[in-house]
Amino acid sequence: DASGLIGTDTFENGAVVFRPGPVYRCGISGGFGVLDEINMARNEALAVLHGILDFRRTIDVPGYDVVRMDEGTRFIATMNYGYAGTRELNEALTSRFSCLQMPAITGENLEKLINREYPGLKRTYARQFVQLFLDIERKCQSAQLSTRPLDLRGLLDAVRLMERGLDAGAALDMGLTQFPPGGSVPQSLPYTGPALDTPAEIPGA
């Protein structure tokens, strides 16, 4: 909420004092503030950002004072479209940012990411996981699948589960389709790429 960003009252040595929030601290110190997943915040919380991000460059602290921000203060907001619990940002807030749309990760960069996170994983396996992810991505784009299985974080989690000894099929079910082993796994996840080998040779499996 708004008090979590700006600050709130608290007790210290028997007296009521102001406890600065992260936006207040960033504003007076001239640092960088990252508003992660901003489209999950409540509207009343986002409203306090308007005066901070426009020409006024001030923070209104109710009951205390209006604080002018340091000239070096910068805010970066991140968001993902289409996630459950998210919403569209209103134009008043969006117009206060310079928006950048990040492209989807390429197969080459995905392979680099997997090799970096799991250096003990054979390159053959890494390429198979990349191909699986890209095949799912193409099917989602052509509406053959919903976007639910397209989860990069879930893929990396599945590889980690395999490293710890879980069967490849069960790990992918849990990481991508988010169903536990032996559960009712939907049959709408066809995979036409190369057959996945058993991860028996993956270190730790």
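Strands in this tour are DSSP runs of E with at least two residues, numbered from the N terminus. The model is predicted.

**The whole chain**

Start with the full chain in cartoon view. The chain has nine helices and six strands. Colour by burial next: of the 205 residues, 34% are buried. Of the contacts between residues at least 6 apart in sequence, 56% link residues at least 24 apart.

**Thr58 and the loop before it**

Select Thr58, which sits in strand S4, residues 58-60. Is Thr58 buried or exposed? Its relative accessible area is 16%, and buried means under 20%, so Thr58 counts as buried. Show what surrounds Thr58: beyond its neighbours within four places in sequence, Thr58 contacts Gly51, Ile52, Val66, Val67 and Arg68.

Step back to Arg57, in the loop that runs between helix H4 (50-53) and S4. The phi of Arg57 is positive, near 50°, and the residue is not a glycine. Most residues other than glycine have a negative phi.

**The hairpin of S1 and S2**

Move to residues 7-12 and 15-20, strands S1 and S2. These two strands pair antiparallel, with six bridges. Select Gly7 and look across to S2, where Pro20 stands opposite. Then go to the turn of the hairpin, where two residues lie between the strands and Asn13 has a positive phi near 55°.

**Strand S3 and its partner**

Select residues 32-35, strand S3, and show side chains. Which residues of S3 point to the buried face? Gly33 and Leu35 point to one face and are buried, whereas Phe32 and Val34 point to the other and are not. Add residues 74-77, strand S6: S3 and S6 run parallel and are joined by four bridges. Val34 has Ile76 of S6 opposite.

Continue past S3 into the loop that leads to helix H3 (43-47), where Glu37 is found. Glu37 is another residue to check on a Ramachandran plot: its phi is positive, about 50°, and it is not a glycine.

**Helix H6 and its buried residues**

Select residues 107-117, helix H6. Which residues of H6 are buried? They are Gly107, Leu110, Glu111, Leu113, Ile114 and Asn115. These buried residues pack against H7 and H8, the next two selections.

Two packed helices are described by the angle between their axes and the distance between those axes.

**H6 against H7**

Add residues 123-141, helix H7. The axes of H6 and H7 are 9 Å apart, and the helices pack at an angle of about 135°. H6 is therefore oblique to H7. Their crossing is right-handed. On the H6 side, show Gly107, Leu110, Glu111, Ile114 and Asn115; on the H7 side, the residues they meet are Arg123, Ala126, Arg127, Phe129, Val130, Phe133 and Leu134.

Zoom in on Gly107, within H6. Leaving out residues up to four places away in sequence, Gly107 touches Val130 and Leu134. How far apart are Gly107 and Val130 in sequence and in space? They are 23 residues apart in sequence, and their C-alpha atoms are 6.1 Å apart.

**H6 against H8**

Hide H7 and show residues 152-163, helix H8. H6 and H8 pack at an angle of about 40°, and their axes lie 11 Å apart. Why are H6 and H8 called oblique? Angles under 35 degrees count as roughly parallel and 65 to 115 as roughly perpendicular, so the pair at about 40° is oblique. The crossing of H6 past H8 is right-handed. Three residues of H6, Leu110, Leu113 and Ile114, make the contact with Leu152, Leu155 and Leu156 of H8.

Leu110 and Ile114 can stay selected while switching between the two partners: both appear in the contact with H7 and in the contact with H8.

**Two cysteines**

Finish with Cys26 and Cys99. Cys26 has a relative accessible area of 7%, so it is buried. Cys99 has a relative accessible area of 59% and, with exposed meaning over 50%, is therefore exposed. How many disulfides does the structure hold? The number is zero. A disulfide is a covalent bond between the sulfur atoms of two cysteines.

How values were computed
Residues are numbered from 1 along each chain as its sequence is written. This is a predicted model: local features need pLDDT of at least 70, side-chain atom pairs count only at pLDDT 80 or more; totals for chains, interfaces and linings use all residues. Side-chain values use heavy atoms; hydrogens and water are left out. A disulfide is a pair of cysteine sulfur atoms within 2.5 Å. Buried means under 20% relative accessible area, exposed over 50%, partly exposed in between (1.4 Å probe, protein chains only). Two strands pair if DSSP finds at least two bridges between them. Axes are lines fitted to C-alpha atoms, for helices over the stretch in contact, and angles run from 0 to 180 degrees between N-to-C directions. Angles under 35 degrees count as roughly parallel, over 145 as roughly antiparallel, 65 to 115 as roughly perpendicular and the rest as oblique. A crossing is left-handed if the near helix is turned anticlockwise from the far one by less than a right angle, and right-handed if clockwise. Contact means heavy atoms within 4.5 Å.
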